[in-house]
Amino acid sequence: MTVTENRIDRTRITDIATREEAEYRRRTPRSAELFERARRSLPLGVASSFQAYDPYPLFMTDARGSRITDADGNEYIDFDMAFGVLAAGHSHPLVAQALATRVANGTCYTFPVEQGIALAEEIKSRFGADCVRFSNSGTEATMDAIRVARGYTGREKIVKFEGGYHGHHDDVLVSIQPPRELMGQAESPATVPASAGIPRSRISETIIAPFNEPDMVAAILEAHAGEIAAIIVEPVQFNIGVVPPKPGFLERLRELADEHGTVLIFDEVKTGVVLAWGGAYEYFGVKPDLFCLAKSIGGGVPIGAFGGRDAVMRSIESLEGTPAFSADAAGTGIDRTTIPGGATRVAHLGTFNGNPLSMTAGLVTLTQVLTRDVYPRLHAMADRLTAGCADILAEHGLPGYAINVGPKGCVMFTPERVTNYRDFIGLDSELWTASFFYLANRGILLPPGPDDQWTLSVQHTDAEIDRYLAVFRDFATEITM
Ligand SMILES: Cc1ncc(COP(=O)(O)O)c(C=O)c1O
């Protein structure tokens, strides 16, 4: 055993990471070949840069239930589930059947369909919302929700948390995983663009706050009193592993938003209909003004949605009666000088919004697959996986801890509990790399990055949890040998 006081032999980690990456290459020549071909037509060889990782991503050919198969015919138990899209599992029979019928009857009308009303009604009842609008991705949902919040309040600045990810539009593609030397003071983090091509003028409206530090958030809101349109937050930071809110943190955000006339937006793209039937809203018992959904609500097809309080959402119909609407001295209506372009409402648009394909998939997923009764089993499986990993880490003295919130979890390879992005930087990325390839080579597929986490679906089985634990135990044994 080469573990001493939570320190493991670095050479051994490097050796196993190198050996397992070589084994990955040996098992997946067809993916390597496809990657070479892809690079000639697609920058980084993929359609979204999140899909790229070294030495090359697996190319997949088919998936069903909890299993996915790569281009070399290797089958994996899928714990990635498309970055958390598939709480329903791959091609759930009910979803697949409904989609087959739908495909035969037209997939896009740009006229509304009844299923869209029913899906909106279902989401309303789960999230205690007054109304909902649909989009096609999480990015669109957060972009639209922020625009509605700005239109409603007549303000332009937003508060976003360091380490949070809300999609790839300019306003929020900042301070996602900023480099240490640029991130600034803990109490007032710098706004650091996460991409080239983002105009400085865009990010000057985004103020970064530290997650889980309510007093610091209060100070930031005070410093910008009357300027903040929205606070946008992932209720659990699921883009830096798994970082739950400290008790009282979300409640304090709710109070601060009320005190400052700011719209509180929960980005439930990962948490919604996964943590619980009613998402983070139900799980934590805190109600935002607006919430954003995507991923799992569509059962595997592209979809997004946002919704919430009538007063805010109806800005899409008219700004009359909103804080942005300030009657002029003569009381003749909107003071157009305060509203850019003299607009009288917030635009929310999209050719594919509410298309019959995603409305059908969403409706079946929510009303027939992710029904109230499935959550206790999902939670029990996830808790067992976490407890099993925790035992293995402890038995082997591996520096790390296992954590889940509902059906989403991971092993965080750092001994101290992570409460925000700055703690996350300390993660042992080489140990994570060794574990990723070790597990993949033995049929356990995790998301290809330490910032993501496993998601269990209704189609995973207890035997698959056992298999994960057996492979993870072998990994822990070898790495500490
Ligand atoms: C919390 C959160 N919000 C928004 C998004 C963006 O969603 P999409 O990739 O569908 O645009 C993601 C994607 O991972 C996410 O995790």
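**Notes on the two-domain model and its ligand site**

1. Let's start with a single pair: Arg422 makes a salt bridge to Glu162, with 2.8 Å between the closest N and O atoms. Keep in mind that this is a predicted model. The salt-bridge count between domain 1 and domain 2 is two.

2. On where the domains run: the domain assignment puts 10–78 + 373–479 in domain 1 and 93–370 in domain 2. So you can place them in the viewer, their centres, taken over C-alpha atoms, are 29 Å apart.

3. How many residues of each domain are in contact with the other? It's 26 from domain 1 and 37 from domain 2. Interface size is often quoted as the accessible area lost when the parts come together. Here the area buried between domain 1 and domain 2 comes to about 2400 Å², and carbon and sulfur atoms give 63% of that. On the domain 1 side, Tyr375, Tyr421 and Arg422 lose the most area to domain 2, together 31% of what that side buries. Arg422, then, is worth a second look, given its salt bridge with Glu162.

4. Polar contacts add to this picture: 15 residue pairs between domain 1 and domain 2 are in polar contact. As for which parts of domain 1 touch domain 2, the elements giving two or more residues are helix H13 (375–396), strand E11 (401–405), strand E12 (408–412) and helix H14 (421–424). E12 supplies the largest share, four residues. By type, the residues on this side of domain 1 split into 14 nonpolar, eight polar and four charged.

5. Now the ligand. The residues around the ligand include Ser137, Gly138, Thr139, Tyr165, His166, Gly167, Glu234 and Asn239, and also Asp267, Val269, Lys270 and Lys295. Which ligand atom does Asp267 approach with a polar side-chain atom? A nitrogen atom, at 2.6 Å. Asn239 has a polar side-chain atom 3.1 Å from a ligand oxygen atom. Gly138 uses its backbone instead: one of its backbone N or O atoms lies 2.9 Å from an oxygen atom of the ligand.

6. Two backbone details to check by eye. The Asp54 to Pro55 peptide bond is cis, with omega near 0°. Pro55 sits in the loop between helix H2 (29–41) and strand E1 (60–64). Then there's Phe83, a residue other than glycine with a positive phi, near 55°. You'll find Phe83 in helix H3 (residues 81–84).

Note on methods: Residues numbered from 1 in each chain as written. Predicted model: local features only at pLDDT ≥ 70, side-chain atom pairs only at ≥ 80, totals over all residues. Heavy atoms only, no water. Domains from an automatic or database assignment. Contact = heavy atoms within 4.5 Å. Buried area = accessible area lost by both parts, 1.4 Å probe. Salt bridge = Lys/Arg side-chain N within 4 Å of Asp/Glu carboxyl O. Polar contact = N/O pair within 3.5 Å; in protein donor to acceptor, adjacent residues only side chain to side chain. Nonpolar A, V, L, I, M, F, W, Y, C, P; charged D, E, K, R; others polar. Near = heavy atom within 4 Å.
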